[in-house]
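The following exercises are to be worked through with the sequence and the structure at hand. Each task is followed by a solution in steps.

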Amino acid sequence: MKKTQRSDSRAAGFPPWRGAPVALLWDQSMVWGLICVETLNRLGVSHHVLGASDVAAGALGGYHTLLVPGGWASHKVKALEGAGKERIGEFIAAGGGYLGFCGGAGLALSSPPALGLVPIERMPVRERLPSASGGVWIRSETAHPAWKGLPQTIPVSIWWPSQFKWQATAESLCLASYWKAGNDFCVADLTVTDMKNEAVSWPRWERSYGINLDPGRLLGHPAIVEVRRGRGRLVLSYPHLETPGDLWGNRLFHNLLVFLDLEASRDSGPKSPPEAPAARFSAPPGKGALRLLQSAKESAEALIEFGERHLFWRWRTDWLLNWRRGIRGLEYGSMAVALRSLFAEASRSPGIPDDPDPWEEPAGRLESQVRSFCTLARRLLLEEKRAAQNRVLTKLGTIDKTVDELRGHLFGRRMDHGGVCRDLFDGVDDLLLQALRLNGQPG
């Protein structure tokens, strides 16, 4: 992630933020939480980073808007458990606003795993476009305040979204639909503009890949929806409007936050300004803990370089890999980006740590986990490379005994990562939250 100023909204062409601080739900977001924070900082939107435990304890009481970044909805559901789900439902019913991107949108749906906050389901995998990414144009479907100052069609980014199984109701409104593919729009590992130039037959390619590939399954379908619940409302967006560098998407993101803040201030009445939650640690890490965090970062970077040498992936952006079909790529890239950001945040504010340094033990545990994970990941990647010589490699399913055992240990058996990866990500997630809080949250 590139370093950004804590508030440069005027440089970005946005008016100063005058609303209440936005509550950003941090848990199980990883790189999607990081790009949310980066873009909020660039837009100058005051925000506080909350954990699921804060939500469960009633911390939403002073906020107007809850922002939920991407990430696996199943992991977010588990982090929130029963109390967190109830507090979010109460917050919205009392007039609060909810803005969810991709996995954060899916978290609100009625299809499990989710919180069931809206009467909208996910479209079944067999019907939707399951592996779309990159630039896409969306079109306004209504004269909504969020579109103030924007053209009817704008370019945004999507990163492997689900789709809404849409049925219009009195409480729901489609704010935007998918209009056309952008220049770098991909399905699986295929760039759509290149395929169009070749007058491709999508059914033929779909038979070979075994998944839906035709962009027509996405275009024309709802991309962003608004749903009323009690006195509050939810805006659910599969496009990642917070993607760094997406000027028009960021403008729509800003407009939506302004809209939800104004509506919540009318519907929920006056609230006492919330205080930013304190970090669990009283000071930044000392030199010993920083060395451990740097070692973890370097182990992850070495793994990424290993993958580049073996042509498993390349960087698509400075925070996202483009990887070979049939292997894990999002997890490896997210780990590297999160550890890079953790070390940068932990190094920003040198201070005198407590004695003993409370960072040392979790930093040491994380460094050991990352080192072990990267060692086994190299072995897995080479085994997958070997296996791919004789068959089409798939991310899930049976390959051979060695590959299956390594995959199960590192990632579990599901698409939403488990195994060692889940434990490692939980550790990074928590330390990033503490570092962000120590460095101050614009508010």
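**Exercise 1. Describe how helices H11 and H12 are arranged and which residues join them.**

Step 1. Helix H11 covers residues 401-411 and helix H12 covers residues 419-438; their axes come within 2 Å and cross at roughly 25°. Axes here are lines fitted to C-alpha atoms, for helices over the stretch in contact, and angles run from 0 to 180 degrees between N-to-C directions. Helices (H or I, at least four residues) and strands (E, at least two) are DSSP runs, numbered from the N terminus.

Step 2. H11 is therefore roughly parallel to H12, since angles under 35 degrees count as roughly parallel, over 145 as roughly antiparallel, 65 to 115 as roughly perpendicular and the rest as oblique.

Step 3. From H11, Gly 408, His 409, Leu 410 and Phe 411 meet Gly 419, Val 420 and Cys 421 of H12, where contact means heavy atoms within 4.5 Å.

Step 4. The residues of this contact comprise four nonpolar, three polar and no charged. In this division Ala, Val, Leu, Ile, Met, Phe, Trp, Tyr, Cys and Pro count as nonpolar, Asp, Glu, Lys and Arg as charged, and the others, Gly among them, as polar.

**A note on the model.** This is a predicted model, in which local features need pLDDT of at least 70 and side-chain atom pairs count only at pLDDT 80 or more, while totals for chains, interfaces and linings use all residues. Residues are numbered from 1 along each chain as its sequence is written, and side-chain values use heavy atoms, with hydrogens and water left out.

**Exercise 2. Determine how strand E2 is covered and how E1 and E2 pair.**

Step 1. In a regular strand the side chains alternate between the two faces of the sheet.

Step 2. Strand E2 (residues 47-50) has His 47 and Val 49 on one side and His 48 and Leu 50 on the other, and all are buried. Buried means under 20% relative accessible area, exposed over 50%, partly exposed in between (1.4 Å probe, protein chains only).

Step 3. Strand E1 (residues 22-25) pairs with E2 in the parallel sense over four bridges; two strands pair if DSSP finds at least two bridges between them. Leu 25 has Leu 50 in E2 as its bridge partner.

Step 4. From E1 the chain crosses through helix H1 (residues 31-43) to E2, in a right-handed β-α-β crossover. Right-handed means that, with the strands pointing away from the viewer, the path from the first strand over the helix to the second runs clockwise.

**Exercise 3. Locate Met 30 and Cys 102 and state the sign of phi for each.**

Step 1. Met 30 lies in the loop between E1 and H1. Although Met 30 is not a glycine, its phi is positive, about 50°. Met 30 is buried, at a relative accessible area of 8%.

Step 2. Cys 102 lies in the loop between strand E4 (97-101) and H4. Its phi is near 50°, again a positive value in a residue other than glycine. Cys 102 is buried, with a relative accessible area of 10%.

**Exercise 4. Find the contacts of Ser 334 and Ser 237.**

Step 1. Ser 334 belongs to helix H9 (residues 330-348) and is buried at 7% relative accessibility. Not counting residues up to four places away in sequence, Ser 334 touches Met 30, Val 31 and Phe 425.

Step 2. Ser 237 belongs to strand E13 (residues 232-237) and is buried at 0% relative accessibility. Neighbours within four places in sequence aside, its contacts include Gly 100, Phe 101 and Cys 102.
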